[in-house]
Structures are given as structure tokens and as C-alpha cells.
Amino acid sequence: MIIFSTVFKILNKLKGNLILYTVILLAITLFNTTSGNMNHYEATKPDILIVNKDRNNEITKGFVSYLKEQATLKDIDINDQEKVDDALFYRDISYVVYIPENFGDDLVNDKNPTIEYKSNGNENASFTQMLIEKYIKTVNLYKEHYQGKALNQKVKQVINQKTKVNLNTSLDSSKLNQVNVYFNFLNYALLAGGVYCMTMILASLNQEGVRKRTIMSSFSYRKYNWIIFASLGLASFIVWLAYMIISFILFKEIMLSGNGIAYILNSFVFSICCLAVGFLIGTITRNKQAIGGIVNVVALGTSFLCGCFVPMSFMPSYVLKIAHILPTYYFVQNNELIKTLEYFKLETLQPIIINGIIVLGFTLSFVLITLMISKRKQKIG
């Protein structure tokens with residue numbers, strides 16, 4: 001009982017560190033929550049300039065009319081090339097279309113006319129290029145059956161057709177994205193806050209004077225180690241439980257769903273791994289200054305490499321290959337899988353279970369390494 005109370009007295013002194021990383025976790029999560037629905041898409045019209053040298057052709061008139069509907073035409077003197085280039089450079093326009101003479105007749109007569117253009121290379125320029133290609137392909141498709149105004153009307157009818165898409169899913173992707181950010185960043189909070197506290201407690205209990213008095217006492221040293229392990233395990237569980245309570249407060253509806261339970265179980269498995277990491281670091285060194293540096297390197301390194309701060313989809317493949325040697329990678333990968341999980345079947349849960357087993361495998365390896373280092377230190381001591 002004395003050991004339990006001592007562990008929690010030390011933990012109480014270190015609570016400021018836990019509060020700090022909890023505040024950071026909440027700040028990141030709330031920022032993501034208030035930044036709006038990132039899945040919302042609204043089409044915008046690109047700013048373009050048309051230089052038309054084929055004004056009297058019906059096909060060309062239809063083509064220009066189509067571009068005017070799909071884009072915003074800017075009023076710039078087309079005879080002043082310097083002004084046109086400046087507009088592109090300063091992104092006042094994204095694209096300049098040069099329609100050559102006899103464009104309409106050449107298009108209908110299979111002469112494959114070439115449209116010259118200038119662009120600033122941004123996404124609006126690419127979109128404009130797609131619009132042009134779409135119109136020309138549609139004309140080529142119907143030119144054998146229609147001519148003149150009839151061809152224009154048919155092309156206009158086809159390209160203006162809209163398709164209604166219904167996405168049948170029960171997942172609230174916006175909310176799940178926010179929960180996912182919380183649990184991904186939880187890696188940093190558990191390592192930088194939780195593991196730091198665990199290792200500092202071990203460093204305090206393993207001070208030279210305390211360790212010698214324990215060895216010399218009649219108290220079983222093996223029993224003493226198991227009590228420390230149980231105390232730190234309980235402390236780690238309390239820290240994890242506090243983060244789960246916060247997640248329920250922030251995302252009650254999601255956390256009560258199957259996805260929420262999966263997030264909880266995944267984070268619990270990872271918290272056990274964090275406890276093993278804490279024991280390993282605490283066994284390697286008793287220097288409190290060194291502990292702070294090691295924990296920061298581990299917390300920040302794994303978070304940056306494994307997609308906690310930057311989504312995995314934005315990271316280079318060689319970084320992700322390196323990340324495979326870290327348990328955080330499998331924790332974050334599970335979070336990404338849970339975010340898209342709609343049906344809870346063995347085949348859909350299998351990759352999550354496999355990743356969880358891999359994390360437990362890392363945990364076991366950390367425990368074995370810790371025991372080896374501990375035994376070696378006892379022999380040397």
C-alpha cells in the first residue's frame with residue numbers, strides 16, 4: 001500500500017505535464033472541429049481569356065458560348081501581349097485560349113485543328129483544359145449525324161446533362177474525421193505525457209538510496225517490482241480512461257457507436273504498448289534530464305513519421321516504409337480503417353485485428369528487452 005501511495009503522490013506532482021498535453025490535444029481537436037466540413041465541395045469558375053480568330057462559324061460560336069457558361073471571361077486587351085502575360089503571372093487569369101482560323105470547319109471535317117493556349121499551371125487551368133477536351137470530344141461524337149445549329153444544340157444538350165449521385169452510407173464522415181484527428185493525436189499525448197510520467201516515477205523509485213534500502217529490507221524484491229508494475233499499470237489505465245472520458249464529452253454520438261468502441265479498444269491496446277515503452281526507457285536510464293529528451297524524441301518522431309500530425313496520404317512512400325518499424329504506424333492505420341468502417345464483419349475487422357496483434361507483438365518485445373536489460377544491470381550492480 002505504501003508503494004501504491006508513493007507512486008500516486010509522484011504522479012500528482014507530475015500532473016501539470018499531463019494537463020499540458022491534454023490541453024494541446026483538445027486545442028488541436030477543437031480547431032479541427034470548428035474549421036468546418038472539409039468534405040464539402042463547391043465548384044468555382046476559372047478566370048480565362050479567349051482569343052477567337054474564327055468568329056463566323058456556328059461550331060466555334062457554340063464552343064465560345066460553352067466556355068462563357070463554364071468560366072468567367074476577363075476583360076483584357078488581347079492585342080497587348082504584355083498585359084496578357086502579366087495577367088497570367090499575377091493569376092488574374094488561369095488560362096488563355098487561342099482559337100485558330102477555320103477552327104469550326106476543320107473540326108467538323110476531321111482535320112484535327114490545334115488549339116494553342118497559355119496557362120499558369122494551377123488547378124483552374126487544368127479544369128479549363130478538361131472543359132475544352134470535353135467539348136471537342138462531344139463534337140467529334142455527333143458530327144456525323146448533325147450539322148450547323150443542329151450539331152450545336154445536340155452538343156449543348158449532351159454536355160449540360162447532369163447526373164444525380166446518391167451516396168448511401170450511414171457514416172457521418174465529418175464527425176468521424178474529427179474523432180480520427182483526436183485519436184491520431186492521442187499517440188503524442190500518451191507518449192509525451194503518459195510515458196514521461198511513468199518514466200519519471202520509475203526514476204524516482206530507482207534512486208540509489210531508495211533502491212539500496214529496498215534491497216536491504218526484508219521485503220521481497222520480486223514482489224516490490226510487481227507492485228511497482230501494477231501501480232504504474234493502474235496509473236496508465238487512469239490516464240487512458242481520462243482521455244476516453246474526454247472523447248465521450250466531445251463526441252458522444254460517435255463514441256456510443258461501433259466505430260467509437262473500435263477506437264476505444266484500439267487506443268487501449270496502444271496504451272498497453274506505451275506502458276511497455278515507459279518501462280523500457282525507465283530501465284535504460286535513471287537520469288531525469290535524459291528521460292525528458294528521450295521521451296520527446298520518441299513522441300515527436302513517431303508522431304511525425306506515422307501520420308499523427310500529417311495524414312498518411314500526404315506522406316512520401318519511403319517515410320511510410322520506415323514507419324512500419326514503429327507501433328504507432330499500426331495504431332494510426334487502425335484509426336484510418338475504423339474511420340471508414342461501416343459493416344462490422346470478420347472480413348472488415350480482420351485488418352484491424354491484425355494491426356492490433358502487431359502492436360501487442362511490439363509490446364511483448366519491449367517487455368522482453370526490458371527484462372534483459374534489468375537482469376544485466378542487476379548482475380553488474
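The following is an exchange about a predicted protein model.

Modeller: This is a predicted model, where local features need pLDDT of at least 70, side-chain atom pairs count only at pLDDT 80 or more, and totals for chains, interfaces and linings use all residues. Residues are numbered from 1 along each chain as its sequence is written, and side-chain values use heavy atoms, with hydrogens and water left out.

Colleague: How many helices and strands are there in the protein?

Modeller: Both are DSSP runs numbered from the N terminus: helices are H or I with at least four residues, strands are E with at least two. On that basis the protein has 16 helices and four strands.

Colleague: What percentage of the 381 residues is buried?

Modeller: Buried means under 20% relative accessible area, exposed over 50%, and partly exposed in between, with a 1.4 Å probe and protein chains only. Among the 381 residues, the buried share is 43%.

Colleague: What share of the contacts with a separation of 6 or more comes from residues 24 or more positions apart?

Modeller: Contact means heavy atoms within 4.5 Å. Of the contacts with a separation of 6 or more, residues 24 or more positions apart supply 75%.

Colleague: What does α8 reach from its first C-alpha to its last?

Modeller: Helix α8 covers residues 173-205, which is 33 residues. The expected span is 1.5 Å times one less than the number of residues. For α8 that gives 48 Å, and the model comes close to it, at 46 Å.

Colleague: On which residue is the kink in α8 centred?

Modeller: The bend at a residue is the angle between axes fitted to the seven residues ending there and the seven starting there. In α8 the kink is about 30 degrees, and its centre is L190.

Colleague: Is α8 largely enclosed or open?

Modeller: Count the buried residues of α8: 28 of 33. The rest of the structure therefore surrounds α8, which is largely enclosed.

Colleague: Are α8 and α15 roughly parallel or antiparallel to each other?

Modeller: Two packed helices are described by the angle between their axes and the distance between the axes. Axes are lines fitted to C-alpha atoms, for helices over the stretch in contact, with angles from 0 to 180 degrees between N-to-C directions. The axes of α8 and α15 (residues 327-339) come within 9 Å and cross at roughly 165 degrees. Angles under 35 degrees count as roughly parallel, over 145 as roughly antiparallel, 65 to 115 as roughly perpendicular and the rest as oblique, so α8 and α15 are roughly antiparallel.

Colleague: Which residues of α15 make the contact with α8?

Modeller: On the α8 side, the contact uses L176, N177, N180, F183, N184, N187 and L191. On the α15 side, it uses T328, F331, V332, N335, E336 and K339.

Colleague: Is N335 buried or exposed?

Modeller: N335 sits in helix α15. Beyond four places in sequence, N335 touches N180, F183, N184, Y263 and N266. Its relative accessible area is 0%, so N335 is buried.

Colleague: Is the crossing of α6 and α7 left-handed or right-handed?

Modeller: The axes of α6 and α7 are 10 Å apart, at an angle of about 125 degrees. That angle makes α6 oblique to α7. A crossing is left-handed if the near helix is turned anticlockwise from the far one by less than a right angle, and right-handed if clockwise. The crossing of α6 and α7 is right-handed.

Colleague: Which residues of α3 are buried?

Modeller: The buried residues of α3 pack against β1 (47-52), β2 (72-73), β3 (95-99), α5 (103-108), α6 (123-142) and α7 (148-159). They are I59, T60, G62, F63, V64, Y66 and L67.

Colleague: Is F304 exposed or partly exposed?

Modeller: F304 belongs to helix α13 (residues 288-305). Leaving aside neighbours within four places in sequence, F304 contacts F309 and M315. Its relative accessibility is 46%, so F304 counts as partly exposed.

Colleague: Phi of R91 has what value?

Modeller: R91 is in the loop between α4 (81-89) and β3. At 52% relative accessibility, R91 counts as exposed. Most residues other than glycine have a negative phi. For R91, phi is positive, near 60 degrees.

Colleague: What is phi of N112 near?

Modeller: N112 lies in the loop between α5 and β4. N112 is exposed, with a relative accessible area of 65%. Phi of N112 is also a positive value in a residue other than glycine, near 50 degrees.
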